[in-house]
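This report describes one molecular structure in terms of its chains, its strands and its helices. Please have the sequence and the structure at hand while reading.

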Amino acid sequence: MQKRPTSVAIMLATVFCGGLLGTRPAEAFMAYVSNEKDNTVTVVDTASGTVVKTLPVGQRPRGITISHDGKFIYLCASDDDTIEVIDTETLQIVDTLPSGPDPELFVLSPDGKTLYVANEDDNLVTVIDIESRDVLAEIPVGVEPEGMGISPDGKTMVNTSETTNMAHFIDTDSHEITHNVLVDSRPRFAEFKPDGSEVWVSAEIGGTVSVIDNASREVKHKITFEIAGLRSEAIQPVGVRITADGKKAYVALGPANRVAVVDTATYKVEKYVLVGQRVWQLAFTPDQKTIISTNGVSNDITFIDVASDEPVQSVTVGAMPWGVVVSPK
Amino acid sequence: MSIPAQTDAFASHLPRGFGLAQYGACLTGIMLREGLRFLNQRERFISSLVRPLLWLFVFAAGFRQVLGVSIIPPYKTYVLYEVYITPGLAGMILLFSGMQSSLSMVYDREMGNMRTLLVSPFPRWFLLVSKLLAGVAVSVVQVYVFLAIAWFWSVKPPVIGYLLVLPALVLAGMMLCSLGMLLSSMIRQLENFAGIMNFVIFPMYFASSALYPLWRIQESSPLLFHICQANPFTYAVELIRFALYGRIDWASLAVVCGFTVLFLGGAILAYDPAKGLLSRKRDTGGNG
């Protein structure tokens with residue numbers, strides 16, 4: 001059998017190359033995932049895709065974000081009616097902020113000093129000064145506020161109310177609503193384009209993303225989604241993220257188990273990326289090479305390569321992952 | 001077959017005084033014959049591709065799990081059903097092709113071509129291994145054409161996987177071809193072959209991990225799960241599946257190597273005129 005030694009050599013080469021493939025070149029960051037059901041935050045190393053630690057936190061953790069210097073995680077502990085502050089070095093809860101009742105989602109101002117919190121049960125947006133821990137304002141908005149977006153210049157904040165089906169534009173100086181824009185049913189999330197020209201608002205029941213012009217404050221386009229073999233009711237847009245260069249948007253489609261990739265110039269869906277079950281929120285790694293989705297029902301997160309828009313890996317986290325944020329290691 | 005004039009240093013170590021060059025010429029001759037036969041039978045090429053493509057386009061569409069197949073190694077995330085069955089269909093090509101090349105051996109024997117091959121002064125095992133490699137080479141080409149078409153159907157394994165799958169395909173192909181060869185030694189006439197095919201190909205194909213993850217089978221029937229686990233084709237498919245995604249499944253590699261040795265050894269024994277089964281069938285073995 002002349003060919004045997006050759007085959008063995010090829011197999012050995014395979015072993016070697018296989019070993020090489022196992023290492024991903026991506027830079028290492030830490031992803032923090034809030035697990036709504038088991039009251040934990042899972043810390044995941046994004047380079048190796050391994051769970052580093054699981055922290056017990058307050059009840060029903062949902063919205064999660066990080067200070068601009070990467071030192072502190074802010075976490076909405078919805079059923080504890082508070083915002084917990086987690087030190088990323090020690091991974092201990094070091095402080096809490098007065099959030100008002102049932103905080104669900106929040107956004108940090110571009111200067112990193114102010115948190116704008118949606119209080120789902122009280123139909124309020126609470127404005128918190130992080131340093132003094134003071135509540136600066138409570139802004140009445142529509143019923144069941146959830147989505148929170150802030151313009152890159154920090155002057156305009158957008159809140160969406162799930163039941164009123166509106167995007168409320170709020171002036172961050174006066175803390176007054178300046179415009180109300182009607183969108184489709186159950187708006188969940190608001191995301192500004194990095195140049196501040198547009199706000200993208202997802203509507204869970206409506207199954208659309210409304211693109212609102214920030215100058216005229218009018219809906220200039222509605223993005224719809226269609227996946228062969230799926231009922232339209234299964235397509236429920238939730239989390240939205242736009243790349244730093246403003247060219248591509250990613251929309252989490254809930255029980256459709258897919259993340260839509262949208263060209264921001266044409267508003268056309270370029271691709272649907274298959275991820276885990278009931279995909280909810282999204283976060284980029286700081287190098288923008290990877291976007292991470294939280295998959296609530298399958299209890300995992302999926303890493304999507306931004307260059308190819310291919311799903312790379314899914315990692316099991318806690319029960320019902322809701323939000324995710326990534327910080328430099 | 002021309003024998004080059006120069007003497008070969010290795011000649012003295014080889015039986016019957018042949019040099020490596022002569023062995024090479026013999027191997028090339030057999031491979032060329034198999035290749036030519038394949039090229040001349042375009043319908044065979046097309047039909048060998050139509051079968052897995054039907055499974056991919058039609059069967060997988062019918063079974064399409066739009067919400068994704070649960071994660072099992074080597075997949076690191078959710079995949080669609082067509083992605084899952086592609087390695088199984090590559091295995092199917094090797095399985096059918098291996099059986100087809102053994103079918104051709106029964107045909108050769110009936111037509112008398114086999115005698116031409118077997119009266120060659122080269123050792124019998126070498127002739128059989130050459131025939132085997134020729135069959136494997138042809139089926140590996142078919143698999144690559146299939147994978148290329150599947151790529152356009154959004155089955156896109158990592159690029160390196162296409163390279164790494166080659167040794168897995170060769171090994172799995174050798175196992176299945178040598179099984180076919182062993183079977184062909186036991187078949188008296190071409191007509192009997194269809195029955196054996198049904199008793200071998202389909203059970204091997206369906207009772208394997210080619211079409212469904214084994215955990216699913218385990219859920220419905222533990223007995224069937226054990227049958228699938230005992231099926232060498234399962235390991236051929238898993239070896240291909242892992243290699244296509246840049247990984248090695250050592251258990252499958254060991255099982256496939258083991259069965260290749262077993263089947264090939266059996267076939268060599270069976271075709272050995274001194275001990276084999278062939279001698280008993282010599283009177284039915286050809287009318288040419």
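How far apart do the end C-alpha atoms of residues 128–153 of chain B lie, and what share of the span is helix? In this predicted model, the two end atoms are separated by 37 Å, and 96% of the span is helix while 0% is strand. These residues form one of the stretches of chain B that an unreviewed UniProt entry lists under "transmembrane region". That record also names, among others, residues 14–32, 53–72 and 250–271 of chain B. For residues 250–271 of chain B, the end C-alpha atoms lie 31 Å apart, with 95% helix and 0% strand.

**The two chains**

The secondary structure of chain B consists of 11 helices and zero strands. Read from the N terminus, every element of chain B is therefore written as α, in the run α-α-α-α-α-α-α-α-α-α-α. Chain A, by comparison, has one helix and 28 strands. The table sets out some values for each chain.

| Chain | Residues | Buried residues | Contacts joining residues at least 24 apart, among those at least 6 apart in sequence |
|---|---|---|---|
| Chain A | 329 residues | 50% | 43% |
| Chain B | 288 residues | 43% | 75% |

The overall dimensions of chain A can also be stated. Along the principal axes, the C-alpha atoms of chain A fill a box of roughly 85 × 45 × 30 Å. The radius of gyration of chain A is 21 Å, which agrees with the value near 20 Å for a compact globule of 329 residues.

**Strand β10 of chain A and its two partners**

Strand β10 of chain A covers residues 124–129 and is mostly covered, since five of its six residues are buried. A residue counts as buried here if 20 or more other C-beta atoms lie within 10 Å of its own. On one hand, β10(A) pairs with strand β9 (residues 114–119) of chain A in the antiparallel sense, over six bridges. Within this pair, Thr114(A) has Asp129(A) in β10(A) as its bridge partner. Four residues separate the two strands of this hairpin, and Asn123(A) takes a positive phi near 55°.

On the other hand, β10(A) pairs with strand β11 (residues 134–140) of chain A, again in the antiparallel sense and over six bridges. Here Val127(A) has Ala137(A) in β11(A) as its bridge partner. The strands β10(A) and β11(A) also form a hairpin with four residues between them, and Arg133(A) in the turn has a positive phi of about 60°. In a regular strand, side chains alternate between the two faces of the sheet.

**An open sheet in chain A**

Which strands make up the open sheet of four strands, and in what order? The order is β20-β21-β22-β23 (chain A), and the pairing is antiparallel. The edge strands are β20 (240–242) and β23 (269–274) of chain A, each of which pairs on one side only. On average, neighbouring strands of this sheet are turned by 20° against each other, direction ignored.

At one edge of this sheet, β20(A) pairs with strand β21 (residues 248–252) of chain A over three bridges, in the antiparallel sense. In this pair, Arg241(A) stands opposite Tyr250(A) in β21(A).

Definitions and conventions
Residues are numbered from 1 along each chain as its sequence is written. Chains are lettered from A and ligands numbered from 1 in the order in which they are written. This is a predicted model: local features need pLDDT of at least 70, side-chain atom pairs count only at pLDDT 80 or more; totals for chains, interfaces and linings use all residues. Two strands pair if DSSP finds at least two bridges between them. Axes are lines fitted to C-alpha atoms, for helices over the stretch in contact, and angles run from 0 to 180 degrees between N-to-C directions. A residue is buried if 20 or more other C-beta atoms lie within 10 Å of its own, exposed if 12 or fewer, and partly exposed in between; C-beta atoms are placed from the backbone. UniProt positions are given in the numbering used here, feature names are shortened, and annotations may be inferred rather than shown by experiment. Two residues are in contact if their C-beta atoms, placed from the backbone, lie within 7 Å. The radius of gyration is taken over C-alpha atoms; the globule rule is 2.2 Å times the number of residues to the power 0.38.
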